[in-house]
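Q: I have a model open in front of me and would like to learn how to read it, step by step. Could we take one feature after another, beginning with the general idea each time?

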Amino acid sequence: MSITDTAPADGASPEPVAAGMPTGPAAGAERVSRREPSAVLRMSEAEAAEIGGDPDDPDDDELVLLNMGPSHPSTHGVLRLMLELSGETVLRSKPVIGYLHTGMEKTGENLTYLQGGTNVTRMDYASPLFNELAFSLATERLLGIEVPERATWIRMLMCELNRVSSHLLFMATNGMDLGAVSMMIYGWREREEVLRFFEKVTGLRMNHNYIRPGGVAADLPADWRTDVAELIELIEPRLDEYDTLLTGQPIWRERLQGVGIISAAEAVALGATGPLLRGAGMAWDLRRDEPYLFYDQVDFDVIVGIHGDCYDRYAIRLNEIRESLRIVAQIIDAMPSGDYRTQDKKVTPPPRARIDESMEALIHHFKIFTEGFKVPAGEVYAAVESPRGELGVYMVSDGSSVPYRLHVRAPSFVNLQTLPHLMQNGLIADGIAIIGSVDPIMGDVDR
Amino acid sequence: MAERYGAPVGGDRPSRGQAVIHPSPSQWFEVAAAARADGFDQLIDLTAVDYLTYSADRALPEGVQPERFEVVASLMSHERRERLRMRVQVPADDPSIPTLFDLWPGAENLEREAYDMFGIVFEGHPDPSRILMPEDWSGHPLRKDYDSGEIPVQFKAASNVR
């Protein structure tokens, strides 16, 4: 299938595109009714509550509207779903989100570029370093500064390890959702080892604020090569154990294969990126197709599925852990010596030792941490391939030391649109597998 | 590249070399449809900016009348590995533009978010409702004249108010 012949996914015919936009209220109503057979339940919470208040009629075999979440163990946080059911079959559904919305984009307008990292890192809390990376890349593009080579390699190292820890978390929660409880324990166990390395490098297990505009916050510890080599040695054989535990098991396959199928055309039309898009058979990975950092200098494969079902998405993430470890192994050899942050005095505070001997250095240090550095006016979009898909930062600067507008293109937020389409005509139990396979992080969805 | 859609092209300076075009609100849907027909098969991102208190030079190309709101859409062509950004000026007194849902169904959540946060109406959207804020919320939080201190304290009816 060609990727260009994307038809609107939920049954809307493509004719109005060529004919131009129909106008007037009649045309609008016609368009809405044309979309009725859609997978998306377009009903407000108030309407749903009204229907829910009707008394139950035992002789009535009509459709049932069921609320699932926001506090449900398999909804990965505070995702709420409105399901239209016929028996146990899901017909239409609507994800209701916003329970974790704390206005982080608004908060970002009040934090300097140096403080901004602490804000964005809390969005996708399973892969915080990617948020920081996208934010830093956008800031650096506005500033027009170059980052030292070592800093770039450190960023790659940390991000790939973060991809490993994030996918391990997926393995754990996906296993738990489907009843493979031992997988949950194993996933958390291995992830903890990666987080332990993060704690050693950044001081924190998550929400690191480690990647900052201009480089990274601190250099790697002296024995990082041993630590990372041990991590690879530990995790790689464990992945083979997961294979034994899950991949070939009939129960596991039965739960995932043929469940939640999406085609490449649908995925593209709905804006899906990451494993969701690759699972549908489209080889698209920003690390390869729009190389940033030094991804063009390392060797790795883009893992692609065939069927676009939950099983493919599981297999993709499992194998992406292997690919990430492969990249990490190359980074151990490629890591150059040098600065871990730019020596551009405009964005980098003076070293601690200088502050004790120079009044100017002290003032400079004070100014950078109180006022922040000014960033030239303009607008920019920077995107990275996070474990969940394209994570982009759109930033507008007015020349001051805080962003005028900070928008995060959250992969989980956009990917969530595919849920009703994946769940349509499936069972509720399959819905659990599907939510897990989309792997939404609610902090990323709601921001 | 961008010239062929018949919309003014953004200068290089404000966008750091990224391809930007500035269609007018009336051109918005046509230009988007032309871009989609031209291979931009995915709507990656759609958001808005409120330029109410913007102090610097907006650096818009000639012929583009600056307005308070701007809707920004990022398109992706997988075949050519190319991105295109469309920026449209939306006036404050009539903040509405046509929806892109008919071209890219993926616009649904993104446009709902832009409506929720900025109050921009997307004509013809199948579900023009709030997405992140509660349904009965008033105001649009990311507008520059929406002061975060205005939000009333919740649970003030609780018995142990301090």
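Q: What pattern does chain B follow when it is read along the sequence?
A: One begins by listing helices and strands in order: in this predicted model, chain B follows the pattern β-α-β-β-β-β-α-β along its sequence, with two helices and six strands.

Q: How many of the residues of chain B count as buried?
A: Burial is judged by counting neighbours, and a residue is buried if 20 or more other C-beta atoms lie within 10 Å of its own. Of the 162 residues of chain B, 48% count as buried. One can also ask how far along the sequence the contacts reach: among contacts in chain B between residues at least 6 apart in sequence, 57% join residues at least 24 apart.

Q: Which residues of helix α1 of chain B are buried, and where do they fall when seen down the axis?
A: For a helix, one lists the buried residues and then looks down the axis. In α1(B), which covers residues 28–37, the buried ones are B:W28, B:F29, B:V31, B:A32, B:A35 and B:R36. Seen down the axis of α1(B), these buried residues fall within an arc of 165°, so they line one face of the helix. They pack against four strands of chain B, namely β1 (20–21), β3 (69–77), β4 (82–90) and β5 (96–98). After the helix comes B:G39, whose phi is positive, near 110°.

Q: Helix α16 of chain A has 12 residues; what should they span, and how many of them are buried?
A: A helix can be checked by comparing its expected span with the distance between its ends. For α16(A), residues 359–370, a rise of 1.5 Å a residue gives 16 Å, and the end C-alpha atoms are 16 Å apart, which agrees. The number of buried residues in α16(A) is zero, so this helix lies largely in the open. It is followed by A:G372, which has a positive phi, near 85°.

Q: In what order do the three strands of the open sheet in chain A lie?
A: A sheet is read by asking which strands pair and in which sense. Here the order is β1-β2-β3 of chain A, and the pairing is antiparallel. The edge strands are β1 (64–68) and β3 (89–96), each of which pairs on one side only, and the twist averages 25° from one strand to the next. Strand β2(A), residues 80–86, pairs with β3(A) over seven bridges; one bridge joins A:E84 to its partner A:R92 in β3(A).

Q: How many residues does each chain give to the contact between chain A and chain B?
A: An interface is read one side at a time. The contact takes 44 residues from chain B and 51 residues from chain A. On the side of chain B, α1, β2 (42–50), β3 and α2 (107–118) each supply at least two residues, and the largest share, six residues, comes from β2(B). That side of chain B divides into 19 nonpolar, 13 polar and 12 charged residues.

Q: Why does A:N131 count as buried?
A: A single residue can be placed by its element, its neighbours and its contacts. A:N131 lies in helix α6 of chain A, residues 128–143, and counts as buried because it has 29 C-beta neighbours inside 10 Å. Leaving aside residues up to four places away in sequence, A:N131 touches A:V120, A:T121, A:M123, A:D124 and A:L391.

How values were computed
Residues numbered from 1 in each chain as written. Chains lettered and ligands numbered in written order. Predicted model: local features only at pLDDT ≥ 70, side-chain atom pairs only at ≥ 80, totals over all residues. Buried ≥ 20, exposed ≤ 12 C-beta atoms within 10 Å, placed from the backbone. Arc of directions from axis to C-beta. Contact = placed C-beta atoms within 7 Å. Expected span 1.5 Å × (residues − 1). Nonpolar A, V, L, I, M, F, W, Y, C, P; charged D, E, K, R; others polar. Pairing = 2+ DSSP bridges. Axes fitted to C-alpha atoms, helices over the stretch in contact; angles between N-to-C directions.
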